[in-house]
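Work through the exercises below with the sequence and the model side by side. Try each task before you read its solution.

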Amino acid sequence: MGNSKDQSDVTLFNNQRFRDTDVMFKLSLLLLISSHLVASGKAEMVKNYFYGIVHKQVDWKDAFTLCQDAGGILATIMSPDESQEAREFLNTEKAKDSESPCFPEFQFWLAGQRQNVDQPNFCNRPFYWKTPEGEQDMPFTDWSTGQPDCGWEVEGCMQLNGGHDFKWDDIPCDAQLCALCKIGL
């Protein structure tokens with residue numbers, strides 16, 4: 001569906017929207033601004049990351065790469081607090097942005113993937129967080145009712161599903177969704 005240099009929108013934690021052809025530039029600029037605000041005492045750092053949305057529908061592998069190119073990772077959710085933060089951020093975006101290519105479904109890739117998803121018969125394998133550093137266990141889960149179900153024996157990746165209060169759902173890795181990135185400060 002095009003390369004990562006195509007024009008895309010990125011929405012960040014402060015609900016500012018930027019249009020540019022270089023996702024990394026936008027997120028790097030926000031990192032610089034955020035760091036300056038904290039250093040100058042105009043903002044308080046309560047966590048060491050923020051969420052960003054890449055408003056471009058891509059498959060899981062491209063989402064993983066886009067977030068990495070932007071200086072972050074495809075989002076991992078490690079606790080109930082992080083789940084609530086992501087839900088609040090995405091609900092705010094859902095309420096104000098009907099023009100996003102993420103609509104109407106408002107579904108977002110997460111870094112979750114079944115172990116050995118590229119091999120046959122992966123449906124009985126557990127999910128883990130895939131990051132640039134490798135695999136990480138999931139100390140917390142927030143699956144939608146009845147999930148994961150490995151529907152049609154092809155659902156090996158994970159999404160946040162806006163139709164189910166941003167609970168987790170498994171989905172084929174080649175589906176076209178927007179990316180939820182987690183950017184460290």
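**Exercise 1. Find the element that holds Pro 80, decide whether Pro 80 is buried or exposed, and find how far Pro 80 is from Asp 142.**

Step 1. Pro 80 sits in helix 3, residues 80-96. Helices (H or I, at least four residues) and strands (E, at least two) are DSSP runs, numbered from the N terminus.

Step 2. Pro 80 counts as exposed, because its relative accessibility is 52%. Buried means under 20% relative accessible area, exposed over 50%, and partly exposed in between (1.4 Å probe, protein chains only).

Step 3. Pro 80 and Asp 142 are 62 residues apart along the chain, and 8.0 Å separates their C-alpha atoms.

Two notes before going on. Residues are numbered from 1 along each chain as its sequence is written, and side-chain values use heavy atoms, with hydrogens and water left out. The model is predicted: local features need pLDDT of at least 70, side-chain atom pairs count only at pLDDT 80 or more, and totals for chains, interfaces and linings use all residues.

**Exercise 2. How many helices and strands does the protein have, and in what order do they run?**

Step 1. Count the elements: 3 helices and 10 strands.

Step 2. Read them from the N terminus on: β-β-α-β-α-β-α-β-β-β-β-β-β.

Step 3. Check burial. The protein has 185 residues, and 46% of them count as buried.

Step 4. Look at contacts (heavy atoms within 4.5 Å). Among those between residues at least 6 apart in sequence, 67% join residues at least 24 apart.

**Exercise 3. Which residues of helix 2 are buried, and what do they pack against?**

Step 1. Helix 2 spans residues 60-69, and its buried residues are Trp 60, Ala 63, Phe 64, Leu 66 and Cys 67.

Step 2. These residues lie on the same side of helix 2, because they cover an arc of only 165 degrees around the axis. The arc is that of the directions from the helix axis to the C-beta atoms. An α-helix has 3.6 residues a turn, so residues three or four places apart point the same way.

Step 3. The buried residues of helix 2 pack against several strands, including strand 3 (49-58), strand 4 (73-74) and strand 10 (177-184).

Step 4. Inspect the ends. Asp 59 caps the N-terminal end, with a side-chain oxygen 3.3 Å from the backbone nitrogen of Lys 61. Gly 71 follows helix 2 and has a positive phi, near 90 degrees.

**Exercise 4. Describe the surroundings of Gln 159.**

Step 1. Gln 159 belongs to strand 8. Gln 159 is buried, because its relative accessibility is 2%.

Step 2. The side chains of Gln 159 and Gln 107 make a polar contact of 3.0 Å. Such a contact is a pair of N or O atoms within 3.5 Å; within protein, one must be able to donate a hydrogen and the other to accept it, and residues adjacent in sequence count only if both atoms are side-chain atoms.

Step 3. Setting aside residues up to four places away in sequence, Gln 159 touches Phe 108, Trp 109, Lys 167 and Trp 168, among others.

**Exercise 5. Find the unusual backbone angles at Pro 148, Asn 116 and Trp 152.**

Step 1. The peptide bond from Gln 147 to Pro 148 is cis, with omega near -5 degrees. Pro 148 is in the loop between strand 7 (134-136) and strand 8 (157-161).

Step 2. Trp 152 is in the loop between strand 7 and strand 8 too. Its phi is positive, near 55 degrees, though Trp 152 is not a glycine. Trp 152 counts as exposed, because its relative accessibility is 77%.

Step 3. Asn 116, also not a glycine, has a positive phi of about 55 degrees. Asn 116 lies in the loop between strand 5 (107-114) and strand 6 (127-131). With a relative accessible area of 38%, Asn 116 is partly exposed.
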